[in-house]
Amino acid sequence: MQITEHIASLSEEGRLLAAAAEQAGPGASVPTCPGWQIRHLLRHTGMVHRWAAAFVTEGHTAYHPDGGEPDLDGAELLAWFREGHGHLVRSLEEAPADLECWTFLPAPSPLAFWSRRQLNETTVHRVDAESALGGPLTPVSADRAVDGIDELLTGFHARPKSRVRSDKPRTLRVRAVDTAATWTVRISEDPPQTVRTAGDDGTEDVDCELSGTAEGLCLTLWNRLPLTAVTLRGDRAVARLWTDNSAVTW
């Protein structure tokens, strides 16, 4: 996906998140984030938006702490969220192509990193907000879902802080049936190593395979849908190893 597409999608995802949060109300429980209510979701996501925007607008070249979550609620909290989201979108739209600032995952450029990271962050939390309503979720296109899987498997869980580990080497395949994308995840005592292949290239024997639409796989791997949302073949314990240890925490 191009940077401009990421930013346009980020704008829409934030709008959808705010609309769902407004409809659900600040005290509504968020099923996909046990223990959270909508107010917690808005405070967290709004804080992340402002934190990310600061790197883009202020050009921090090293890690810079966030400003913390506000002591706001109700209509004031919702307005604060919308203001911060709009600021993030404008910051990315107006940033120079040669932007230099801190990032924490490999990317073609800092601008590409932050537009992609904040789109995926906001999409996952939009799903959280819509889950509080108990109705259908706004669809995620296959190309965006593939990008979300890529970021999770080859980005977040390639880092030393990944908790997806196993004393006994295990292999998990993730196959998106509506695209040409297949990922093979090798789990060991070290951080998982993931290789993406195309079409039927991922034919080696594996311990477990998860297959489904790219959207279903993306939301399952991000722990926003249960394992029953995809097709599981092989050792279920390998899939549970993922779901029990893969949460990306702040």
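Two strands are taken to pair if DSSP finds at least two bridges between them. In this predicted model, strand β1 (residues 170-176) and strand β4 (residues 208-212) meet that condition with five bridges, and the two run parallel. One of the contacts along this pairing can be followed residue by residue, since Arg 175 has Ser 211 in β4 as its bridge partner. The wider setting is an open sheet of five strands, with mixed pairing and the order β3-β2-β1-β4-β5. The edges are held by β3 (193-198) and β5 (231-234); each has a single partner strand, so one side of each is left without a neighbour in the sheet. From one strand to the next, the twist averages 15 degrees.

A closer look at strand β1 is offered by Thr 171, which has its place there. Its relative accessibility is 13%, and buried means under 20%, so Thr 171 counts as buried. Once residues up to four places away in sequence are set aside, Thr 171 touches Thr 184, Val 185, Arg 186, Val 206, Asp 207, Cys 208 and Val 238.

Turning to the helices, α2 has 21 residues and spans 30 Å between its first and last C-alpha, close to the 30 Å expected at 1.5 Å a residue. Helix α2 is mostly covered, with 17 of its 21 residues buried. Just after this helix, Gly 59 adopts a positive phi of about 65 degrees.

Helix α3 (residues 74-94) also has 21 residues; its end-to-end C-alpha reach is 31 Å, close to the expected 30 Å. Its buried residues are Leu 77, Leu 78, Trp 80, Phe 81, Gly 84, His 85, Gly 86, Leu 88, Val 89, Ser 91 and Leu 92. What covers them includes α1 (3-24), α2 and α4. Arg 90 also lies in α3, but at 42% relative accessibility this residue counts as partly exposed. Between Arg 90 and Ala 53, which are 37 residues apart along the chain, the C-alpha separation is 9.1 Å.

Helix α5 (residues 142-155) has 14 residues and reaches 19 Å from first C-alpha to last, close to the expected 20 Å. Of these 14 residues, 11 are buried, so α5 is largely enclosed by the rest of the structure. Among the buried residues of α5 are Arg 144, Asp 147, Asp 150 and Glu 151, together with Ala 145, Val 146 and Ile 149. Part of the surroundings of α5 can be seen from Cys 218, a residue of helix α6 (residues 214-221). Cys 218 is itself buried, with a relative accessible area of 9%. Leaving out neighbours within four places in sequence, Cys 218 is in contact with Ala 145, Gly 148 and Ile 149. For Cys 218 and Ile 149, a sequence separation of 69 residues goes with a C-alpha to C-alpha distance of 5.3 Å.

The nonpolar interior comes next. The largest nonpolar core has 48 residues, and those with the most contacts inside it are Leu 92, Trp 114, Trp 183 and Leu 210. Beyond its neighbours up to four places away in sequence, Leu 92 touches Ile 7, Leu 10, Val 56, Leu 111, Trp 114 and Ser 115. A second, separate core has 15 residues, including Ala 28, Ile 38, Leu 78 and Trp 80.

Aromatic rings round out the picture. A pair of such rings is described by the distance of the centres and the angle of the planes. The count comes to 14 aromatic pairs. In one of them, Trp 51 and Trp 114 are edge-to-face, at 5.5 Å centre to centre and 80 degrees between the planes. This pair links distant parts of the chain, with Trp 51 in helix α2 (residues 38-58) and Trp 114 in helix α4 (residues 110-131), 63 residues apart. Both Trp 51 and Trp 114 are buried. Trp 114 has a further partner in Phe 113: the ring centres are 4.8 Å apart and the planes are at 80 degrees, so the pair is edge-to-face. Phe 113 is buried, as is Trp 114. These three residues belong to one aromatic cluster, whose other members are Phe 55, Tyr 63, Trp 102, Phe 104, Phe 156 and Trp 222.

How values were computed:
Residues numbered from 1 in each chain as written. Predicted model: local features only at pLDDT ≥ 70, side-chain atom pairs only at ≥ 80, totals over all residues. Heavy atoms only, no water. Helix = DSSP H or I, 4+ residues; strand = E, 2+ residues; numbered from the N terminus. Expected span 1.5 Å × (residues − 1). Buried < 20%, exposed > 50% of the residue type's maximum accessible area, 1.4 Å probe, protein only. Axes fitted to C-alpha atoms, helices over the stretch in contact; angles between N-to-C directions. Phe/Tyr/Trp six-rings, centres within 6.5 Å; stacked < 30°, edge-to-face > 60°. Core = buried A, V, L, I, M, F, W, Y, C linked by side-chain atoms within 4.5 Å. Contact = heavy atoms within 4.5 Å.
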